Amino acid sequence: AKYALDFDGVDDYVSIDNTGIPLSFSGSAPFSVEAWFKLDSLDKIQFIASNYTANGDGNDGEAQNWSLGVDTGNKVYFHREIGPNWNVVGTTTLQTGVWYHAAGVYDGTNINVYLNGSLEGSLSSGNIASVTEPFVSIGANSRGTNYFLDGRIDDVRIWDDERTITEIQNNMNQELVGDEANLVAYYKLND
């Protein structure tokens with residue numbers, strides 16, 4: 001990536017007001033989230049992009065819609081809040097200093113996680129209740145209180161449809177125009 005935002009893993013994040021943009025998804029509506037990222041540290045949960053406030057204790061009025069990130073095992077994951085099937089985790093162990101492309105896709109039936117254009121995991125998932133989380137964040141949970149990413153993030157894309165593996169592979173190395181069908185948010189992070 002020629003340009004990207006650098007996050008310190010302590011308190012850096014970008015907050016996006018979700019009020020006028022449909023970035024919280026409910027029912028069985030398909031959606032996809034993609035981004036490029038490069039880690040500076042490992043061994044902790046780090047969010048790439050999220051519409052997820054939870055701190056994990058279940059006691060803070062948590063709104064848990066979706067998150068794309070890295071787990072404590074240093075693997076990419078995609079989370080969609082639904083019953084016991086919350087996370088689908090990739091298979092590749094990530095390293096610091098390497099650029100990766102991650103995509104999380106919900107196709108109306110399954111949640112899927114892709115790394116560098118390859119499917120790394122799939123998990124059956126059902127309907128999700130309506131979630132009223134008003135913020136989406138890049139580099140942390142949606143309220144900017146935890147799960148800070150230590151590294152760089154570039155080219156975050158949120159779609160209100162299922163991105164196919166072919167679409168992911170054909171477009172992950174391309175800068176978008178910004179008016180593509182079903183693209184509801186696009187953050188180039190080039191400035």
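Which residues of β6 lie on one side and which on the other, and are they buried or exposed? I began my notebook with that one. V76, F78 and R80 sit on one side of β6, Y77 and H79 on the other, and all of them are buried. By buried I mean under 20% relative accessible area, with exposed being over 50% and partly exposed in between (1.4 Å probe, protein chains only).

**Ground rules**

I am working with a predicted model, where local features need pLDDT of at least 70 and side-chain atom pairs count only at pLDDT 80 or more, while totals for chains, interfaces and linings use all residues. Residues are numbered from 1 along each chain as its sequence is written, and side-chain values use heavy atoms, with hydrogens and water left out. My strand labels are DSSP runs numbered from the N terminus (E, at least two residues for a strand; H or I, at least four for a helix).

**Entry: strand β6**

I looked up the limits of β6 and found residues 76–80, with five of its five residues buried. In a regular strand the side chains alternate between the two faces of the sheet. That fits the split I noted at the start, with Y77 and H79 on one side and V76, F78 and R80 on the other.

Next I asked which strand partners it. β6 pairs with β7 (residues 87–89) in the antiparallel sense, over three bridges; for two strands to pair, DSSP must find at least two bridges between them. I also checked Y77, and its bridge partner in β7 is V89.

Just before this strand I stopped at N74, which lies in the loop between β5 (64–70) and β6. N74 is not a glycine, yet its phi is positive, about 65°. Its relative accessible area is 9%, so I filed N74 as buried.

**Entry: aromatic rings**

I counted aromatic pairs and got seven. The rule takes rings of Phe, Tyr and Trp (its six-membered ring) with centres within 6.5 Å; planes under 30 degrees apart are stacked, over 60 edge-to-face, and the rest tilted. One cluster is made up of F31, W66, F78 and Y106, and F78 is a β6 residue I had already met.

A pair of aromatic rings is described by the distance of the centres and the angle of the planes. For F47 and Y147 I read 4.7 Å between centres and 35° between planes, so I logged the pair as tilted. F47 is in strand β4 and Y147 in the loop between β11 (135–138) and β12, so the pair ties together parts that are 100 residues apart in sequence. F47 is buried at 2% relative accessible area, and Y147 is buried at 18%. Y147 also has a positive phi, about 60°, although it is not a glycine.

I then looked for charges over rings (NZ of Lys or CZ of Arg within 6 Å of the ring centre and within 35 degrees of the ring normal). R80 lies over the face of Y106, 3.6 Å from the ring centre. R163 lies over the face of W159, at 3.5 Å.

**Entry: salt bridges**

How many salt bridges are there? I count six, taking a side-chain nitrogen of Lys or Arg within 4 Å of a carboxyl oxygen of Asp or Glu.

R152 forms one with D6, the closest N and O atoms being 3.7 Å apart. That pair links R152 in strand β12 (residues 150–159) to D6 in strand β1 (residues 5–8), 146 residues apart. R152 forms another with D40, at 3.2 Å between the closest N and O atoms. Here D40 is in the loop between β3 (31–39) and β4 (46–52), 112 residues from R152. I have R152 as partly exposed at 25%, D6 as partly exposed at 46% and D40 as partly exposed at 36%.

I also noted D161 and R163, whose side chains meet in a salt bridge at 3.9 Å, N to O. Both residues are buried. Salt bridges with shared partners join D6, D40 and R152 into one network.

**Entry: L39**

My last stop was L39, in strand β3. L39 is buried, at 0% relative accessibility. Its C-alpha lies 4.3 Å from that of G151, 112 residues away along the chain. Leaving aside neighbours within four places in sequence, I found L39 in contact (heavy atoms within 4.5 Å) with residues including Q46, V70, L94, L149 and G151.
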